[in-house]
Amino acid sequence: MSHSHSHDHSHSHSHSHHVDANRSHWNEHAATYNSRFEKTIQQIIDEIQARRDWIGVNWVDEASDSEAAASSSETPKRTVRLLDYACGTGLVSRALAPYVTQCVGVDLSEGMVAEYNKSVSNQGIPPSEMFATVGNLLDADDSSPASLSGPEFFNFDIACVGLGFHHFDNPTLAARRLAERLKPGGVLLIVDFLPHEHMGHDNPAVKTVTHNGFSEEEVQKMFVEAGAGEKFSYVEVGKGIVFTNVKEHGSTMKRSVFFARGSKL
């Protein structure tokens, strides 16, 4: 066995072990995630919505688009499609749903996908406008997973990961795989933590965390290498996001969050 082969084998083994750890942790916490982090989720949704213009997508403006539709029923409706990757219960989809025509969520965790779809169903939203599916775009050995190979999983106007990048083994690969799913001119958006100290070992999520935040330089390098570095921008959000029910800091922990955006060339 060559050295490179054994290295690849051990890498893919550790990747699959990490995937399993992530999946089991988030499956376990899926049902209580929204209620535990309700204030945090709303804070991030508000920040995303406040930065719509900065994100730079040609959003659907409901008033003008409905008028246009009424004046000419022959004209096909303009679509604006979101890929919400590592979607969890749908934080990013909830933030951007008013401004897009379709949200597609993808997550490793069956439990999170079930919560996402249950929430969509409870709101009476048709699956054609918003749905999530179980999938993994980040397997180094499988660049085009069969379950995500249909046309509905390509040509997005925006691909976003909300607080997921610090769980990824290989964020550079993640940026590239997401950029591949964008249409030319589409936007890659990341919401994540600025560099910070290690989490305490008593936090149950610690085994799923592979990166303690990202600097502007790190993120820009990822975006450029992914072919999505056009008009790159990285902004620190507000005064930090407060996470409640986090063991290591009593019941709350404040952490600085950044948004980063770049367009696909």
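## Working through the cores and a covered helix

**Exercise 1.** Find which residues W59 touches in this predicted model, skipping residues up to four places away in sequence.

*Solution.* Start from W59 and keep pairs with heavy atoms within 4.5 Å. With sequence neighbours up to four places away left out, you get R52, R78, V80, L96, Y99, V100 and I158.

**Exercise 2.** Place W59 in the largest nonpolar core, and work out which elements supply at least two residues of this core.

*Solution.* First, the core itself: it has 37 residues, and W59 is one of those touching the most other members, along with I48, I55, L82, L96 and I158. Next, go through the elements. The helices supplying at least two residues each are α2 (38-50), α5 (91-96) and α6 (110-122). On the strand side, β3 (130-134), β4 (156-162), β5 (182-193), β6 (230-244) and β7 (252-263) do likewise. Last, look apart from this core: another one turns up there, with 32 residues, including F131, F156, L178 and L194. As background, nonpolar side chains in soluble globular proteins tend to be buried together.

**Exercise 3.** Decide whether helix α7 (residues 171-180) is mostly covered or mostly open, and say what covers its buried residues.

*Solution.* Take under 20% relative accessible area as buried. Seven of the ten residues in α7 pass, so the helix is mostly covered. Those residues are P171, L173, A174, A175, R177, L178 and A179. Now check their cover: it includes β1 (81-85), β4, β5 and α8 (216-225).

**Exercise 4.** Work out what share of the protein's 265 residues is buried.

*Solution.* Apply the cut-off used for α7 to the whole protein, and 48% count as buried.

Methods:
Residues are numbered from 1 along each chain as its sequence is written. This is a predicted model: local features need pLDDT of at least 70, side-chain atom pairs count only at pLDDT 80 or more; totals for chains, interfaces and linings use all residues. Side-chain values use heavy atoms; hydrogens and water are left out. A nonpolar core is a set of buried Ala, Val, Leu, Ile, Met, Phe, Trp, Tyr and Cys residues joined through side-chain atoms within 4.5 Å. Buried means under 20% relative accessible area, exposed over 50%, partly exposed in between (1.4 Å probe, protein chains only). Helices (H or I, at least four residues) and strands (E, at least two) are DSSP runs, numbered from the N terminus.
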